[in-house]
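I opened this notebook to keep a record of what I looked up in the structure and in what order. The entries start from one residue and work outwards from there.

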Amino acid sequence: MLYETIGIVRAGHLPEVKELVLTAGKIILQQGGVIRDIRNWGTFSLPQAISRGQQRHTKGHYFIMRYDCGIKANEQVRKTLALDVRVIRSANVKLGNGKLETLSKFGEIRWDKLEGEV
């Protein structure tokens, strides 16, 4: 199955972002999955302040990872990110059903132009 994970990590801690992506990537690869794309979005203001790990965050460092793996590996990635106090928020989305016709609809992750911009 094709999945996409968007994570928000504490701002100003780029080594933590790299470590978290590496940890998630190892889980996927150890379970026989394939990482399709990893993107670093950078630091942005959060839509609203979020309290996590006894801290209040107004900015976060965003990353996105697209990968193919089984259900168990995806659950393990989700749980690992959810339990880590460095992660402010994360979300996993199933993008495809594993069939080539469906997977071919998804191209690369575009950051340079947002929806509606020209």
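**Entry 1: surroundings of Val-87.** I began with the contacts of Val-87, leaving aside residues up to four places away in sequence, and found that Val-87 touches Ile-8, Val-9, Leu-20, Arg-52 and Leu-81. The model is a predicted one, and I read every value below with that in mind. Val-87 has its place in strand β4, and with a relative accessible area of 3% it is buried. I then looked up one of those neighbours along the backbone: the C-alpha atoms of Val-87 and Val-9 are separated by 4.5 Å, although the two residues are 78 residues apart along the chain.

**Entry 2: the sheet.** In what order do the strands of the open sheet stand? I read the order as β2-β3-β1-β4, four strands with antiparallel pairing. Because β2 (34-52) and β4 (87-94) stand at the edges and each has a single partner strand, one side of each is left without a neighbour in the sheet. I also noted the twist: neighbouring strands are turned by 15 degrees against each other on average, direction ignored.

**Entry 3: the helices.** Helix α1 (residues 14-30) packs on this sheet and touches β1, β2, β3 and β4, and its direction makes about 35 degrees with that of β3. Helix α2 (residues 71-83) also packs on the sheet, again touching β1, β2, β3 and β4, with a direction at about 165 degrees to that of β4.

**Entry 4: pairing of β3.** I next followed β3 to its two partners. With strand β1 (residues 2-10), strand β3 (residues 55-68) runs antiparallel and is joined by nine bridges; in this pairing I looked up Glu-4, whose bridge partner in β3 is Arg-66. With β2, the pairing is antiparallel over 13 bridges, and here Ile-38 stands opposite Met-65 in β3. β2 and β3 form a hairpin with two residues between them, and Gly-53 in the turn has a positive phi of about 60 degrees.

**Entry 5: aromatic rings.** How many aromatic pairs does a search of the whole structure find? The search returned three, and I looked at two of them in detail. The rings of Trp-41 and Tyr-62 have centres 6.1 Å apart and planes at 25 degrees, which is under the 30 degrees cut-off, so I recorded the pair as stacked. Since Trp-41 lies in strand β2 and Tyr-62 in strand β3, this pair ties together parts that are 21 residues apart in sequence. Trp-41 counts as partly exposed at 23% relative accessibility, whereas Tyr-62, with a relative accessible area of 12%, is buried.

For Phe-44 and Tyr-62 the ring centres are 5.7 Å apart and the planes stand at 80 degrees, so I recorded this pair as edge-to-face. Phe-44 lies in strand β2 and Tyr-62 in strand β3, so here the parts tied together are 18 residues apart in sequence. Phe-44 has a relative accessible area of 42% and is therefore partly exposed. Taken together, ring pairs link Trp-41, Phe-44 and Tyr-62 into a cluster.

**Entry 6: Asp-37.** Is Asp-37 buried or exposed? Its relative accessible area is 17%, and because buried means under 20%, I entered Asp-37 as buried. Asp-37 is found in strand β2, and a polar contact of 3.3 Å joins its side chain to that of Arg-39.

Technical notes:
Residues are numbered from 1 along each chain as its sequence is written. This is a predicted model: local features need pLDDT of at least 70, side-chain atom pairs count only at pLDDT 80 or more; totals for chains, interfaces and linings use all residues. Side-chain values use heavy atoms; hydrogens and water are left out. Two strands pair if DSSP finds at least two bridges between them. Axes are lines fitted to C-alpha atoms, for helices over the stretch in contact, and angles run from 0 to 180 degrees between N-to-C directions. Contact means heavy atoms within 4.5 Å. Rings of Phe, Tyr and Trp (its six-membered ring) pair if their centres lie within 6.5 Å; planes under 30 degrees apart count as stacked, over 60 as edge-to-face and the rest as tilted. Buried means under 20% relative accessible area, exposed over 50%, partly exposed in between (1.4 Å probe, protein chains only). A polar contact is a pair of N or O atoms within 3.5 Å; within protein, one must be able to donate a hydrogen and the other to accept it, and residues adjacent in sequence count only if both atoms are side-chain atoms.
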